[in-house]
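Here are a few exercises to help you find your way around a new structure. Try each task yourself before you read the solution.

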Amino acid sequence: MWLWIIASVVALFLAWFFGVYMPSVWKLQADLGPRLKVNKIDEELRSRLKVDGRFVVEAITDPEHFGLVGNVLSKAMYTDPVVEYLFEDKRAVRAEYLYTGMARLSSLMVLRSGKKENVNWLPVLTIRDTQENNTVVGGAIWLAPNCVPNVPDYMIFLRYWELVFRWGFSTFKRVFGFGLVMEEAHEKHMGTRRHWYLAVIGVDPEYQGRGLGTRLMEPIMILADEQKTEIYLECSKESNVTYYQRHNFEVLGIMRPKGGPPSWVMRRLPQ
């Protein structure tokens, strides 16, 4: 009896995995390839990228550079309170998953922006240090207006299912649960209104305190002001709330996964 039940469960899982999950992954990856072959960055955004001085802000145009974004954001987010909660007992693999996750997230943002908005710019920005071999020292992953994120897309493309097999169900449960909390807060506070979404932003710890985060936000803030469009983000450190408030963000509320740390939901109205 029990063997029959176990066999049925395994069979159902395999049917879902190969019949639903993997085809979704293949479709996403097939859709992604052509969309990464962008001929040019939209002139509106190009004109707002800072190209003067030691630090240069650029929009990613080469898929191979997504790994650079993953690398710098994994450094910047390693001690983030939410990341520590999600991988509380997995310090050895935290950097690895952050790296792969941020690189894949960059790809997903480009894919969703292209599908929803038919835009020519890629809302994944980096900042390079021209005096240190053009090293990428910061990155920001943006989501263009009307590209509201959803948990299924994240699960498929970031391969959350790997967490179950590699790091246990508890880690998967925390990551998936936090994703649902984020999605609920996003929908509650922004609804269907057009807005830019700052999904992730980070600067290499060795370069923090030099205003590079502001440089990564400026191009989209200027563009959003001209478009009369709001900007939405989640802030996972209370000490950073005042930083965003200096850039005219306001706190809409606080979201908190069960047993996890708080995050401040913030919005910037067009100036």
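**Exercise 1. Work out whether Val10 is buried, partly exposed or exposed.**

Keep in mind that this is a predicted model.

Step 1: Look up the value. Val10 has a relative accessible area of 44%.

Step 2: Compare with the cut-offs. Buried means under 20% and exposed means over 50%, with partly exposed in between. Val10 is therefore partly exposed, at 44%.

Step 3: Place the residue. Val10 sits in helix 1, which covers residues 2-36.

Step 4: Check the company it keeps. Together with Trp2 and Ile6, Val10 makes a nonpolar patch on the surface. The accessible area of the three adds up to about 360 Å².

**Exercise 2. Describe helix 8: how far does it reach, and which residues are buried or exposed?**

Step 1: Take the span. Helix 8 runs over residues 169-190, so count 22 residues, and the distance from first C-alpha to last is 31 Å. That's close to the 32 Å expected at 1.5 Å a residue.

Step 2: List the buried residues. They are Thr171, Phe172, Arg174, Val175, Phe178, Gly179, Ala185, His186, His189 and Met190.

Step 3: Look down the axis. The buried residues of helix 8 fall within an arc of 165°, so they line one face of the helix.

Step 4: Recall a rule about helices. An α-helix has 3.6 residues a turn, so residues three or four places apart point the same way.

Step 5: Turn to the other side. There you'll find Phe169, Lys173, Glu184, Glu187 and Lys188, which are exposed.

Step 6: See what comes next. Gly191 follows helix 8, and its phi is positive, near 55°.

**Exercise 3. Classify the ring pair of Phe55 and Tyr207, then that of Tyr243 and Tyr244.**

Step 1: Start with the total. The structure has 5 aromatic pairs.

Step 2: Take Phe55 and Tyr207. Their ring centres are 6.0 Å apart and the planes stand at 90°, so this pair is edge-to-face. The cut-off for that label is over 60 degrees.

Step 3: Find them in the chain. Phe55 belongs to strand 1 (residues 55-59), while Tyr207 is in the loop between strand 4 (195-203) and helix 9 (212-227). The pair links distant parts of the chain, 152 residues apart. Both Phe55 and Tyr207 are buried.

Step 4: Take Tyr243 and Tyr244. With ring centres 5.2 Å apart and planes at 70°, this pair is edge-to-face too.

Step 5: Compare their surroundings. Tyr243 is partly exposed, with 21% relative accessible area, whereas Tyr244 counts as buried at 8%.

Step 6: Widen the view. Tyr243, Tyr244 and Phe249 make up one aromatic cluster.

**Exercise 4. Which parts of the chain do the salt bridges of Asp129, Lys75 and Arg267 link?**

Step 1: Again, begin with the total. There are 7 salt bridges in the structure. Side chains of opposite charge can pair when their charged atoms come close.

Step 2: Follow Asp129 to Arg54. Their side chains meet at 2.8 Å, N to O. Asp129 is in strand 2 (residues 124-129), and Arg54 is in the loop between helix 2 (43-46) and strand 1, 75 residues apart. Asp129 is buried at 0% relative accessible area, but Arg54 is partly exposed at 29%.

Step 3: Follow Lys75 to Asp204. This salt bridge has an N to O distance of 3.7 Å. Lys75 lies in helix 3 (residues 66-77), and Asp204 is in the loop between strand 4 and helix 9, 129 residues apart. Lys75 is partly exposed at 42%, while Asp204 is buried at 10%.

Step 4: Follow Arg267 to Glu250. Here the distance is 2.6 Å, N to O. Arg267 is in strand 7 (residues 263-268) and Glu250 in strand 6 (residues 249-255), so the pair ties together parts that are 17 residues apart in sequence. Arg267 is buried at 18%, and Glu250 is partly exposed at 31%.

Step 5: Look for a network. Arg193, Glu230, Glu250 and Arg267 are linked in a network of salt bridges.

Terms used
Residues numbered from 1 in each chain as written. Predicted model: local features only at pLDDT ≥ 70, side-chain atom pairs only at ≥ 80, totals over all residues. Heavy atoms only, no water. Helix = DSSP H or I, 4+ residues; strand = E, 2+ residues; numbered from the N terminus. Expected span 1.5 Å × (residues − 1). Buried < 20%, exposed > 50% of the residue type's maximum accessible area, 1.4 Å probe, protein only. Arc of directions from axis to C-beta. Patch = residues over 30% accessible without salt bridge, like charges linked within 9 Å, V, L, I, M, F, W, Y side chains within 5 Å. Areas by Shrake-Rupley, 256 points an atom, 1.4 Å probe, with all protein chains shown as cover. Salt bridge = Lys/Arg side-chain N within 4 Å of Asp/Glu carboxyl O. Phe/Tyr/Trp six-rings, centres within 6.5 Å; stacked < 30°, edge-to-face > 60°.
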